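Hi everyone, thanks for making time today. I'd like to walk you through the aromatic rings of a structure that may be new to you.

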Amino acid sequence: MSICGLDFGTSNSTIGVAHDNQQTMVPLEQDLSGQWQTTLPSALFFGFEDDEIDFGRHAIARYTNGEPGRLLRSMKSLLGSSFMGDKTQVKNRLYSFDEIISFFISSLKAQAEAFTGPDSSPLESVVMGRPVYFNDTDKKLDQEAEDHLAHIARLAGFTHISFQFEPIAAAMDYEQQVRKEELALIIDIGGGTSDFTLIRLSPERHAKADRQSDFLGNHGIHLGGTDFDRQLSVNSVMPEFGMGMPLTDKPGLHMPGHYYFDLATWHKIHLLYDKRVLLGLKDFRATVSDKSKFDRLLALLANRKGHQLAGFVEQAKIELSGSSEAIIHLEALFKDIEGVFAPDCILTQQQLNQSLQRDIEKIFATLDEALTQAGLTHKDIDTVFTTGGSTALPMIQTCIDTALPHAKQVVGDLYTSVGTGLLMEAQLRYR
Ligand SMILES: Nc1ncnc2c1ncn2[C@@H]1O[C@H](COP(=O)(O)OP(=O)(O)OP(=O)(O)O)[C@@H](O)[C@H]1O
Ligand SMILES: [Mg+2]
């Protein structure tokens with residue numbers, strides 16, 4: 001029986017297979033420099049000209065090159081939300097989100113099967129990662145999200161499907177390098193969620209099948225890199241499109257904020273391309289105080305450039321983790337469109353820190369709760385192991401240093417630690 005571990009992430013996904021007595025993270029796609037990567041951005045593009053569906057970097061490139069079609073990203077954010085179970089129109093067909101996510105999972109499965117070769121049996125058994133909470137407050141929605149993901153995996157052709165918490169999978173990966181017993185705090189801050197696991201690790205414990213007595217606590221919050229992008233966008237980029245501008249006929253009132261919040265939220269951007277939404281928006285033109293900003297917003301939506309803008313904001317955030325300033329050239333969005341003036345948008349690290357402050361406070365309050373629930377204090381923690389792309393943010397690093405000044409810090413692979421642990425778990429469960 002062929003087995004795998006699959007990390008379906010909000011931003012990036014991986015699949016690892018056990019094959020020829022070896023565990024391998026499957027190379028999924030070449031990046032711009034031609035290097036094979038074991039991560040696939042969780043993106044899917046429906047091309048309207050050739051009716052082909054593409055995935056990952058290639059999907060994003062087709063979309064940003066202006067090919068007509070529909071791009072979907074952050075699809076995991078739909079699980080556990082009120083949109084779960086909805087359908088969406090793509091060209092002239094309605095698809096359920098389950099179906100769309102299953103196309104993405106099927107592509108990962110097919111790539112893994114192509115990697116193991118025609119003589120290997122099809123992949124049947126999978127351990128999938130899941131965040132500690134798909135929904136922070138509603139247990140029923142949380143369970144439904146896991147059920148949806150299991151259904152999606154069945155649609156993709158898996159028959160034996162089970163789940164492991166993503167930070168526990170990361171702990172299993174880290175434990176391979178642990179030489180003596182320690183109490184570890186695993187921090188996984190990704191695109192959609194921030195998760196914490198408290199666990200006792202050692203080489204002896206690593207060999208045990210049942211680790212229940214080693215787990216001291218699991219906690220998490222539905223906040224991550226895509227929320228950081230939204231905050232940065234709302235605070236520093238959306239004002240260039242008229243967010244917050246007064247309406248001249250209604251003293252004290254401003255342009256409704258919901259347009260801008262949706263435009264700054266990956267999985268809601270397409271809602272603004274709806275003809276009725278655009279018509280409703282146009283009604284505001286007569287009364288807005290800054291028509292050039294308003295027209296910029298209309299041109300952005302009419303030309304379906306919202307995802308591209310969100311990509312620019314994410315890129316600026318990443319740049320700001322290594323430099324004090326980043327520039328978004330808004331004019332690049334309108335280069336083929338006449339009559340739209342768009343200035344450069346200069347973002348500073350200070351703006352980023354201010355935008356993220358509240359979210360990061362909530363994330364670290366969740367860490368405090370995790371420690372309290374487990375009856376521990378920061379002094380009990382021997383090691384902090386970090387993974388997830390958002391842990392690269394200097395502000396997060398500073399918070400970790402402040403919260404756990406005495407613990408040894410180990411930085412895991414930001415993108416593959418969870419997937420590696422899921423594959424190890426699959427071997428334990430299905431072998
Ligand atoms: N250098 C960086 N600075 C800040 N953020 C970064 C950096 N590199 C990547 N990120 C962010 O990390 C996030 C992706 O991380 P990751 O791939 O671990 O998430 P994920 O596993 O897909 O999400 P989740 O586990 O929450 O479902 C994105 O929001 C991305 O913008
Ligand atoms: Mg992740």
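I'll talk about rings that pair with rings, and then about charges that sit over rings.

Please keep in mind that what you see is a predicted model. How many aromatic pairs does the structure hold? There are eight of them, and I've picked two to show you.

Let's begin with Phe8 and Phe104, whose rings form a tilted pair. Their centres are 6.0 Å apart, with 50 degrees between the planes. Where do these two residues come from? Phe8 belongs to the loop between β1 (2-7) and β2 (12-19), while Phe104 is part of helix α2, residues 97-116. The pair therefore ties together parts that lie 96 residues apart in sequence. Are Phe8 and Phe104 buried or exposed? Both are buried. These two also have company, as Phe55 joins Phe8 and Phe104 in one aromatic cluster.

Now for my second pair, Phe46 with Phe103. This one is edge-to-face: 6.5 Å from centre to centre and 70 degrees between the planes. Again, distant parts of the chain are linked, with Phe46 in strand β7 (residues 43-47) and Phe103 in helix α2, 57 residues apart. Phe46 is buried, at 4% relative accessible area, whereas Phe103 counts as partly exposed, at 24% relative accessibility.

Finally, the charges. If you find Trp266, you'll see the charged end of Arg73 over its ring, 4.4 Å from the centre. Over at Phe158, the residue lying over the face is Lys109, at 5.4 Å from the ring centre.

That's my tour, and I'm happy to go back to any of these residues with you.

Terms used: Residues are numbered from 1 along each chain as its sequence is written. Chains are lettered from A and ligands numbered from 1 in the order in which they are written. This is a predicted model: local features need pLDDT of at least 70, side-chain atom pairs count only at pLDDT 80 or more; totals for chains, interfaces and linings use all residues. Side-chain values use heavy atoms; hydrogens and water are left out. Rings of Phe, Tyr and Trp (its six-membered ring) pair if their centres lie within 6.5 Å; planes under 30 degrees apart count as stacked, over 60 as edge-to-face and the rest as tilted. Helices (H or I, at least four residues) and strands (E, at least two) are DSSP runs, numbered from the N terminus. Buried means under 20% relative accessible area, exposed over 50%, partly exposed in between (1.4 Å probe, protein chains only). A charge sits over a ring if NZ of Lys or CZ of Arg is within 6 Å of the ring centre and within 35 degrees of the ring normal.
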